[in-house]
Amino acid sequence: MTDTNTATAASVPLAPRALPLLGHALPLLRDPLAFIMSLSEYREMVRVRLGPTTAMLICHPDLTRQVFLNDRVFDKGGPIYDRIREVIGDGLSTCPYPLHRRQRRLCQPSFHPTRLPGYGAVFARAAELKADSWRDGDVLDITQEMMTLTTRATMETMFSGSLPAETMRRALADTATIVSAFFRRMMTPALLRRVPTPQKRRYDHARNRLAATIAEIIAERRADPTDHADLLSTLVAAVDEESEDGQKQLSDTELADEALTFFLGGMETTAITLAWALHLLATNPDVQHRLRAETHQVLAGGKVDAAHLPSLDLAARVVTETLRLYPPAWMMTRAVRQDTELGGVRLKGGSTIVLSPYLLHRRPDLYPDPDRFDPDRWLGAQPDRATYIPFGAGARKCIGDQFALTEAVLALTAIVARWELTPVGDQPFKPKVETSLSSRGLRLRLSERRPSGTDDAELHTATPRSTPSQPSTPPGAGACPVKH
Ligand code: HEM
């Protein structure tokens with residue numbers, strides 16, 4: 001709806017330092033996070049020029065929420081999704097509004113809360129195996145380590161543990177190749193993307209082979225429809241009773257697209273969340289010490305499992321705070337499908353919107369001392385749905401949020417229970433800004449810590465003494481302090 005009282009988009013201020021032709025490409029390429037943060041003073045919205053496209057960057061939480069909630073008008077699209085679509089087709093995360101609801105109904109049962117304990121058991125086992133593979137004094141590329149952990153866990157939750165070791169190895173290698181090529185391909189102009197460089201050949205080979213691996217697994221599963229209690233079984237069995245075109249189940253092609261979407265979409269985001277969490281713990285030894293005390297108290301010398309989740313209160317708050325400071329999806333784009341109005345401004349159909357969780361999460365008026373890692377800011381407090389948006393919101397909100405939070409809390413617990421993490425070198429580590437806020441290149445040093453070293457003083461430091469009046473997350477609230 002528009003009316004004569006609304007302002008035109010051209011009356012919205014243009015961010016400073018735009019150059020002819022290049023627009024804001026230089027500050028966006030040089031230091032995108034500093035550039036985005038410099039725009040937070042605009043409070044509502046500001047125009048940004050991404051090459052030939054002028055996009056409206058939304059700086060206000062209420063306007064951001066309006067965009068998320070009206071996904072018919074503010075549809076998936078814009079520079080980020082247009083590129084991702086080229087790689088993973090019209091899966092759940094990339095498909096336009098008219099295809100979305102049916103796909104969401106068919107995928108939702110795979111993420112039903114009753115499935116989580118089963119997935120949790122797989123995550124816990126994978127994390128314990130990873131923690132067992134390290135040696136005292138190791139200096140690790142922690143992002144790489146977390147990638148292999150989440151790839152294995154995702155493979156097993158999706159396709160159950162019954163995959164032959166060789167299939168698993170192949171899928172791990174292909175996923176690593178695809179993920180490392182992903183951002184470069186998104187930044188490369190269309191014509192150059194077709195040039196058959198060795199990198200492109202490796203990428204095509206990995207993508208084709210991973211698609212073939214997934215197709216092979218789906219064919220086997222069709223032939224043996226017993227419930228394997230994994231994500232694929234639920235997808236294969238899903239029926240959409242509301243289907244209007246008679247297609248009540250996912251076709252083989254749709255199944256493969258969804259499997260690839262979950263696999264690629266879920267694995268890297270969770271891996272970098274874990275890597276950032278470990279980095280923040282390494283640079284905040286007091287919090288790490290308290291978290292270790294919590295793990296020793298809850299695990300009591302045993303191994304982590306999904307049943308521990310309701311007691312892992314500090315671990316959950318560490319994950320929540322990590323996602324505030326380093327939301328992997330730091331920026332998202334939307335395509336405006338028809339003329340509309342937002343915050344009193346007329347927007348034309350075809351225009352582009354940019355949303356940024358990073359910007360909202362670091363606004364000092366929303367989060368006091370916003371750059372400080374402080375898991376205790378979540379003590380007894382639920383994150384606000386408008387200002388805390390690491391998983392987006394509305395109908396396109398992340399379908400794997402609880403899956404990821406469960407995996408992250410269990411993995412963090414298994415690692416910290418056994419290993420002390422310290423930074424390597426004394427230079428602050430800066431994110432590599434890609435499609436996600438990557439922790440690529442982050443290295444940490446490990447020293448072994450045994451639960452037997454736990455003393456009573458340590459056991460009592462899991463909850464800070466300085467805030468006795470604040471209730472902690474209630475028992476039974478689960479590991480996820482984010483309620484949706
Ligand atoms: C810490 C980990 C994760 C983060 C931070 C994250 C973040 C997000 C965000 C911000 C969105 C919304 C994007 C938008 O509105 O433009 C999203 C959507 C989505 N995510 Fe995640 N995600 C994570 C883990 C996962 C996992 C583990 C899976 C699957 C196994 C997954 C699958 C999806 C899918 C399929 C969508 C599209 C949902 C729809 O459009 O209906 N994500 N994610």
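1. Helix 12 (252–283) gives the lining of the largest cavity its largest share, ten residues. (Helices are DSSP runs of H or I with at least four residues, strands are E runs of at least two, and both are numbered from the N terminus.) At least two lining residues each also come from helix 4 (78–88), helix 5 (97–107), helix 7 (142–159), helix 8 (165–187), helix 14 (313–325), strand 6 (332–336) and helix 16. A word on the basis: this is a predicted model, where local features need pLDDT of at least 70, side-chain atom pairs count only at pLDDT 80 or more, and totals for chains, interfaces and linings use all residues. Residues are numbered from 1 along each chain as its sequence is written, and side-chain values use heavy atoms, with hydrogens and water left out.

2. How much space lies in the largest cavity? About 1200 Å³. Of its 48 lining residues, the closest to the centre are Ser-93, Gly-265, Gly-266, Thr-269 and Cys-398. For your own grid work, a cavity here is a set of points, on a 1 Å grid over the protein atoms alone, where a 1.4 Å probe fits but cannot get out, and lining residues have an atom within 4 Å of a point. Points are joined across faces, edges and corners, and the volume is the space filled by probe spheres set on them.

3. The lining of the largest cavity divides into 29 nonpolar, 13 polar and six charged residues. In this count Ala, Val, Leu, Ile, Met, Phe, Trp, Tyr, Cys and Pro are nonpolar, Asp, Glu, Lys and Arg are charged, and the others, Gly among them, are polar.

4. Now the smaller spaces. The structure holds three cavities of 30 Å³ or more, and the second largest has a volume of about 50 Å³. Its lining consists of Leu-28, Phe-35, Ile-36, Val-48, Leu-50, Leu-57, Met-331 and Val-354, which divide into eight nonpolar, no polar and no charged. Helix 2 (32–38) and strand 2 (45–50) each supply at least two of these residues.

5. Next, the ligand. It is surrounded by 29 residues, and the closest are Tyr-81, His-100, Arg-104, Arg-334 and Cys-398; a residue counts as near if one of its heavy atoms lies within 4 Å. Cys-398 is also among the residues closest to the centre of the largest cavity.

6. Which polar side-chain atoms lie by ligand oxygen atoms? For His-100 the distance from such an atom to a ligand oxygen is 2.6 Å. An N or O atom in the side chain of Arg-334 is likewise 2.6 Å from an oxygen atom of the ligand, and for Arg-396 the value is 2.8 Å. (A polar contact is a pair of N or O atoms within 3.5 Å.)

7. Helix 16 covers residues 401–418; its 18 residues reach 26 Å from first C-alpha to last, close to the 26 Å expected at 1.5 Å a residue. That expected span is 1.5 Å times one less than the number of residues. Is helix 16 mostly covered or mostly open? Mostly covered: 17 of its 18 residues are buried, where buried means under 20% relative accessible area, exposed over 50% and partly exposed in between (1.4 Å probe, protein chains only).

8. Helix 7 also has 18 residues and reaches 26 Å, close to the 26 Å expected. Here 15 of the 18 residues are buried. After helix 7 comes Ser-160, whose phi is positive, near 60°.

9. Two more backbone angles may be of interest to you. Most residues other than glycine have a negative phi. Arg-43, however, has a phi near 65°; this residue sits in the loop between helix 2 and strand 2 and is partly exposed at 37% relative accessibility. Ala-300 has a phi near 50° and lies in the loop between helix 13 (285–299) and helix 14. With a relative accessible area of 65%, Ala-300 is exposed.

10. Finally, some pairs that are separated in sequence. Glu-258, in helix 12, is buried with a relative accessible area of 1%; its C-alpha is 6.4 Å from that of Leu-92, 166 residues apart along the chain. Trp-330, in the loop between helix 14 and strand 6, is buried at 6%, and its C-alpha lies 9.2 Å from that of Glu-434, 104 residues apart. Val-433, in strand 11 (residues 432–433), is partly exposed at 21%. Between Val-433 and Pro-328 the C-alpha distance is 9.5 Å, with their positions 105 residues apart in sequence.

Definitions and conventions: 1 Å grid on protein atoms, 1.4 Å probe; cavity = no way out; pocket = protein on both sides within 12 Å on 5 of 7 lines; lining within 4 Å. Polar contact = N/O pair within 3.5 Å; in protein donor to acceptor, adjacent residues only side chain to side chain.
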